[in-house]
Amino acid sequence: MSIANNQSSDTVQAVKRLRQHTDWFTRIVSASPKLLLLLLMLPVFGGLLGVVLPAFGWAPALSQYDIGLQGFNALWQTPGLNKMLTLSFTTGLFSTLLAFCISLLLLAAFYNSVWLERIQQILSPILVIPHAAAAIAIGFLIAPSGMLSRLVTPWFSGWQLAPEGFFPHDVYGISIILGLTLKELPFILLMALGALAQPEFGKKMRQQHQAALNLGYAPMTAFFKVVLPSLYPLLRLPILAVLAYASSSVEMPMILGPNTPPTLAVVILQWFHDVDLNLRIQASSGALLQLVVTATLLALWLVGEKVVKFFLCATLTNGKRAYGDGYWLMFSKVLTIVVIGFIALALLGLLLWSVAGFWRFPQAWPDSLTLLHWQTALTQMSEPLVNSLIIGISTTGIAITLTLLCLEFEQLKGKTLSQFTSIIIYIPLLVPSIAFLFGLVWIQQLFTVKVSFIDGYVSYFHTIFAHLVFVLPYVFLSLTSSYRLLDKRFAIVAASLGAKPSKVFFKVKLPQLFAPILIASALGLAISFGQYLPTLLASGGRVSTITTEAITLANGASRRTSAVYAFMQMLLPLIGFIVAWGLPKYIFKSAKR
Amino acid sequence: MLSSLQIKKLQLFRQNELLLSLNETINGGDILTIMGPSGSGKSSFLNWITGALPQGFHAEGEVWLNNNEITDKPAHLRQVGVLYQDPLLFSHLTVAGNIAFAMPNGNKKQRLEIISDALEQLGLKDLGDRHPDNLSGGQQARVALLRVLLSQPKALLLDEPFSKLDQQLRADTRQLVFKQIRQHQLPVIMVTHDRSDAEAAGGKIITLAQQSNTHVR
């Protein structure tokens with residue numbers, strides 16, 4: 001009897017499979033990878049095209065049709081161009097190198113110890129702090145009248161008044177390097193820990209590390225000789241993304257960098273916003289130069305890898321068991337304390353400024369505390385806050401939906417997305433945003449004319465579209481592993497009970513993915529909240545968010561208001577992550593009752 | 001001086017449950033075999049000797065190696081070699097690289113000669129430049145053996161070292177390992193749940209029960 005049942009259900013299945021071809025859900029799922037590609041490639045490559053054309057003199061919007069090198073000629077004659085290039089180059093390279101080296105020292109020193117997990121817990125929240133907020137906090141800390149100088153005054157420094165300042169805005173970009181390093185360090189560290197948390201790889205690395213210890217290798221040396229060579233390939237892409245970002249971002253250099261001259265990315269932004277529209281040609285040429293700078297850095301890093309590998313290959317097997325491990329361990333511990341202390345002081349300073357009443361210079365604590373700045377700021381903040389939320393939620397919603405559909409496509413087709421798609425997903429993280437966003441804006445303006453009946457919302461639409469380019473990759477990377485790890489037998493069981501693919505997706509898979517979806521949503525919101533350049537450019541400055549306001553206020557307005565905005569910038573993503581982390585626990589707890 | 005590994009008044013606990021108590025001296029060239037079902041604390045016992053007792057376990061007692069106490073020394077200073085059931089060869093290094101990794105620092109040319117001699121002795125000639133992942137199970141086991149022996153340990157621990165090999169290979173590899181151990185006059189503790197391993201070792205056999213009862217045969 002059971003055989004007969006099986007046979008009849010087999011026929012039912014066959015009929016269902018036939019029907020699937022016309023099933024709306026399957027059709028949407030099948031189209032989703034193409035939509036994903038379109039949403040990533042159109043802005044990046046279209047945007048690049050929209051920069052290349054004006055860079056060579058062809059800009060219909062400016063009635064310029066003379067194809068030639070006038071943009072580049074103007075660019076070469078810019079005073080201080082060498083300084084700008086050097087600044088972009090050094091800040092990008094050194095911050096990435098520092099963040100990478102410190103991450104490795106921490107990993108090596110605390111590998112397989114409970115401290116690594118604790119450090120991870122302390123540093124994880126830093127990851128969701130937008131760059132602008134981090135820059136503001138660090139700026140407050142290292143300023144002449146900042147927390148650091150207050151703590152050593154007057155008992156150590158002997159200063160009566162705030163000293164002449166070197167930091168921030170120093171001409172060498174040391175403040176930028178400091179800011180970027182502290183911000184990228186947790187990212188690289190967490191990427192490494194994520195790789196080491198993969199069950200199979202992580203176990204293999206732990207065992208091999210133990211085997212090296214048994215062979216007499218000191219723990220840190222064992223990490224560098226045994227774990228790192230296998231771990232590094234998994235870190236390469238995140239590091240390249242960090243390098244690309246660090247060499248071309250505008251938030252940190254605008255808040256912490258010098259103005260005479262600033263980094264290349266910042267000056268490009270200034271040219272694009274100049275009242276003199278002819279500077280746009282020069283700015284486009286500059287954007288291409290930025291592309292070259294970043295590409296050169298990426299290439300340099302890859303060559304550096306090869307050189308290091310060539311010279312250190314023999315060292316791996318020379319049998320030397322330790323390289324002053326005791327001192328390095330001590331150094332790493334001190335470094336950890338310094339880094340965490342620095343971050344903690346920066347955040348404390350930010351919090352204090354946001355509630356400070358009167359606060360004379362050498363004192364480390366304000367004379368009085370007040371909520372006045374919060375009250376005034378909050379009344380002015382409602383519009384940017386609502387904008388941040390609208391854009392963040394819409395962008396994240398679209399990104400999550402599209403990602404889930406693409407991953408469902410993989411499972412329905414029984415194969416992973418093409419190599420091409422997987423590479424394209426990383427493209428927005430590797431191409432400097434300043435190099436393609438202007439082109440994107442230009443293209444968006446071309447299309448705007450045709451849909452002008454929804455005039456008021458166009459800026460929002462454009463902004464969401466631009467945010468998607470940056471939110472999609474992170475949401476995709478965050479959801480992929482959980483989706484691929486789903487036990488496929490649940491779907492098969494559900495299908496064998498007669499559930500349509502859409503029902504399997506909504507009623508079986510999505511509930512199982514509740515927690516990872518929430519985490520990916522929180523990540524998407526955090527990324528969207530933190531976006532400065534895409535918001536500013538795609539909306540044409542018409543949509544203000546907490547982040548754009550914070551950066552505007554950072555250079556000029558009172559420290560106290562600026563602190564409130566920076567704090568709000570941190571609070572929003574933090575709330576998102578707390579909800580994402582707590583909600584599943586709460587729901588499952590109440591389900592048990 | 002005859003080398004020796006001494007376990008003095010060991011009591012090994014998981015949480016507060018006594019897993020095993022032991023008081024043994026193993027002389028160079030001798031193999032002490034510990035048998036028992038999984039969960040009886042065999043592997044934790046070896047971990048304790050190497051200095052890597054996992055969380056949740058604790059131990060009282062002392063380990064002495066050649067009349068030096070090593071109980072509280074960090075893992076990498078104990079000079080105790082281990083062979084696990086997985087060969088745990090480093091996949092970022094070649095076969096020769098794996099062995100060189102284990103050898104003491106020294107003259108490069110001499111080291112290379114030692115490696116090629118050793119590979120030849122164990123029938124692994126010309127495999128030095130190969131990648132360990134491409135070797136057969138038996139070859140990997142022999143490379144792992146060479147690696148641990150050329151690190152010049154003062155004692156050797158075998159943690160189910162043959163359990164992943166098939167029957168014939170198992171007997172051959174076992175014979176090879178035991179022969180090398182006698183040649184090097186190393187004190188050895190082997191943990192296994194295979195009776196033929198224990199009998200082939202030809203030394204004292206201690207059988208652990210599931211709980212804390214310890215039977216000595």
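**Exercise 1.** Let's start with a pair of residues: find what stands opposite Ile7(B) in strand 2 of chain B, then place that strand in its sheet.

*Solution.* In this predicted model, Ile7(B) faces Glu24(B), which belongs to strand 2 of chain B.
Next, look at the pairing: strand 1 (residues 4-14) of chain B runs antiparallel to strand 2 of chain B, with nine bridges between them.
Now widen the view to the open sheet of chain B, where four strands follow the order 2-1-4-5 with antiparallel pairing.
Finally, read off the edges: strand 2 (17-27) and strand 5 (68-69) of chain B each have a single partner strand, so one side of each lacks a neighbour in the sheet.

**Exercise 2.** Work out why the radius of gyration of chain A agrees with that of a compact globule.

*Solution.* Chain A has 593 residues, for which a compact globule would have a radius near 25 Å; the value for chain A is 26 Å, so the two agree.
For further context, 43% of the residues in chain A are buried.
As for secondary structure, chain A has 24 helices and zero strands.

**Exercise 3.** Describe how domain 1 and domain 2 of chain A meet.

*Solution.* Begin with the bounds: domain 1 covers 10-57 + 371-593, and domain 2 covers 104-268 + 320-368 of chain A.
Their centres, taken over C-alpha atoms, are 28 Å apart.
The contact draws 30 residues from domain 1 of chain A and 27 residues from domain 2 of chain A.
Among the elements giving two or more residues on the domain 1 side are helix 15 (372-413) and helix 24 (559-592) of chain A.
Helix 24 of chain A gives the most to that side, twelve residues.
By class, this side of domain 1 of chain A holds 22 nonpolar, six polar and two charged residues.

Conventions. Residues numbered from 1 in each chain as written. Chains lettered and ligands numbered in written order. Predicted model: local features only at pLDDT ≥ 70, side-chain atom pairs only at ≥ 80, totals over all residues. Pairing = 2+ DSSP bridges. Rg over C-alpha atoms; globule rule 2.2 N^0.38 Å. Buried ≥ 20, exposed ≤ 12 C-beta atoms within 10 Å, placed from the backbone. Domains from an automatic or database assignment. Contact = placed C-beta atoms within 7 Å. Nonpolar A, V, L, I, M, F, W, Y, C, P; charged D, E, K, R; others polar.
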